[in-house]
Amino acid sequence: MLIYGAGLAGLLAGNMMRSFKPIVCEAQKELPNNHGALLRFRTEKVGTACAIPFKKVKVQKAIKYDGKITTTPNLFLSNLYSQKVTGSILNRSINNLEPVERYIAPWDLINQMSRNCNIEYHARLTRGDLEDTREFEPDRPIISTIPMPALMKIMEWKDIPEFPAQKIWTQKGRIDSPECNIYQTIYYPDPLTPYYRVSVIGDTVISEFVREPDGSIGPHIMSVLMDDFGIKPDAIVDMKQSQQYYGKIRPIDEDLRKQFIFEMTSKHGIYSLGRFATWRQLLLDDVVDDLQHIESFIRAKSDYARLMHSQKGE
């Protein structure tokens, strides 16, 4: 088995598909650990699948708008926030501000997931490589986490549509203050506010933007912590900034989306996996379920092929 992409979805596949002895192919020279946004999960599925313990916490949420903090969502704030982060009016997490149970991944999740994977770097999928693989190893399944627009270009798909997406930037730092151990998120729907969400996870603060932050890293974080969270830290240390190209995606034509995924599997043995490869909103928890379905398809196909081969010899 070949798995293209060593991001979260690809490494999850590498962990769950170990019986196939997969090779995880990564185009970059190292792990693409560029996901600085909030990594929290609704279930323990991912941690269980990778044998990595997650921390169960209760997350509190609020909205700040027009100088006021509220824990009551409304249609105006919901639509304003959605337009800010996606450019469209869609259902977003801001609609539910009830305290929720979540599972927090360790900050080195990607490195921990990679330990069980055989990763080959500088390995980029091309049409020629794919044809060679199909010719010499026709029964070797391929899982692709490559974003759908990129795979369409590789496969020379006709009439590639526009894939609406919004880049996001994150700034992350550690709160240098004794006994800071809370799990809280505040949404900022005002389009004039450069960040759209600030979260405190344990002693770490994460600020998320839909446009590139100006100036130095994190000058706003200290004031946000004091004014909105009521936290007076001694300092913010270990500040880092990262960018995610497909931070927020918007839907494309559903028939076209399904047709492409179907043709990749039926004609080329490529199983699309993850948010960007399937171009739909989903959590990494959902990818666990998708991988279980993919494994069932692969094994059923393999069993059928063996049955046909045995019948030919009778």
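**Helix α8, cores and salt bridges**

Mentor: On the face of α8 that points away from its buried side sit the exposed residues D255, K258 and F262. The model under discussion is a predicted one.

Trainee: Which residues make up the buried side of α8?

Mentor: The buried residues of α8 are L256, R257, F260, I261, E263, M264 and H268. Viewed down the axis of α8, these residues fall within an arc of 160°, so they line one face of the helix.

Trainee: What span does α8 have from its first C-alpha to its last, and what span is expected?

Mentor: Helix α8 covers residues 254–268, 15 residues in total, and reaches 21 Å from first C-alpha to last. That is close to the 21 Å expected at 1.5 Å a residue.

Trainee: What is found at the start of α8, and which residue follows the helix?

Mentor: At the start, a side-chain oxygen of D253 comes to within 3.2 Å of the backbone nitrogen of D255. A polar contact requires N or O atoms within 3.5 Å, so this distance falls inside the cut-off. After α8 comes G269, which has a positive phi, near 70°.

Trainee: Why is E263 called buried, and why is K267 called exposed?

Mentor: E263 has a relative accessible area of 18%. Buried means under 20%, so E263 meets the criterion. K267 stands at 58% relative accessibility. Exposed means over 50%, and K267 is therefore exposed.

Trainee: What makes the pairing of E263 and K267 a salt bridge?

Mentor: Their side chains meet at 3.5 Å, N to O. The cut-off between a Lys or Arg side-chain nitrogen and an Asp or Glu carboxyl oxygen is 4 Å, so the pair qualifies. Both residues lie in α8, four residues apart, about one turn of the helix. In general, an α-helix has 3.6 residues a turn, so residues three or four places apart point the same way. Salt bridges that share partners also join E254, R257 and K258 into one network.

Trainee: Which residues does E263 touch, leaving out those up to four places away in sequence?

Mentor: With those residues left out, E263 touches W157 and H268.

Trainee: How many salt bridges are counted, and which parts of the chain does the pair D228 and K64 link?

Mentor: The count comes to 10 salt bridges. In one of them, the side chains of D228 and K64 meet at 2.5 Å, N to O. This pair links distant parts of the chain: D228 belongs to helix α7 (residues 221–229) and K64 to strand β4 (residues 55–65), 164 residues apart. At 13% relative accessibility, D228 counts as buried. The cut-off for that word is under 20%, so D228 satisfies it.

Trainee: What makes E208 and R197 a salt bridge, and is R197 buried or exposed?

Mentor: The closest N and O atoms of E208 and R197 are 2.9 Å apart. The limit is 4 Å, and the pair is therefore a salt bridge. E208 lies in strand β12 (residues 204–209) and R197 in strand β11 (residues 195–202), 11 residues apart. R197 is buried, with a relative accessible area of 11%, and E208 is buried as well. The two side chains also make a polar contact at 2.9 Å.

Trainee: Which residues have the most contacts inside the largest nonpolar core, and which element gives the most to it?

Mentor: The largest nonpolar core has 33 residues, and L12 and I143 have the most contacts inside it. Two or more residues come from each of α1 (8–16), α2 (45–50), α4 (109–114) and α10 (284–312). Of the elements, α10 gives the most, with six residues. Apart from neighbours within four places in sequence, I143 is in contact with residues including M1, Y4, A13, Y271 and L291. A second, separate core of 23 residues includes I142, M152, I261 and W279.

Trainee: What is the phi of H122, and what is the phi of D159?

Mentor: H122 has a positive phi of about 55° although it is not a glycine. D159, also a residue other than glycine, has a positive phi near 55°. In general, most residues other than glycine have a negative phi. H122 lies in the loop between β7 (118–121) and α5 (127–136), and D159 in the loop between α6 (148–154) and β9 (165–176).

Trainee: Why is H122 called exposed, and why is D159?

Mentor: The relative accessible area of H122 is 62%, and that of D159 is 71%. The cut-off for exposed is over 50%, so H122 and D159 are each exposed.

Methods. Residues numbered from 1 in each chain as written. Predicted model: local features only at pLDDT ≥ 70, side-chain atom pairs only at ≥ 80, totals over all residues. Heavy atoms only, no water. Expected span 1.5 Å × (residues − 1). Buried < 20%, exposed > 50% of the residue type's maximum accessible area, 1.4 Å probe, protein only. Arc of directions from axis to C-beta. Polar contact = N/O pair within 3.5 Å; in protein donor to acceptor, adjacent residues only side chain to side chain. Core = buried A, V, L, I, M, F, W, Y, C linked by side-chain atoms within 4.5 Å. Contact = heavy atoms within 4.5 Å.
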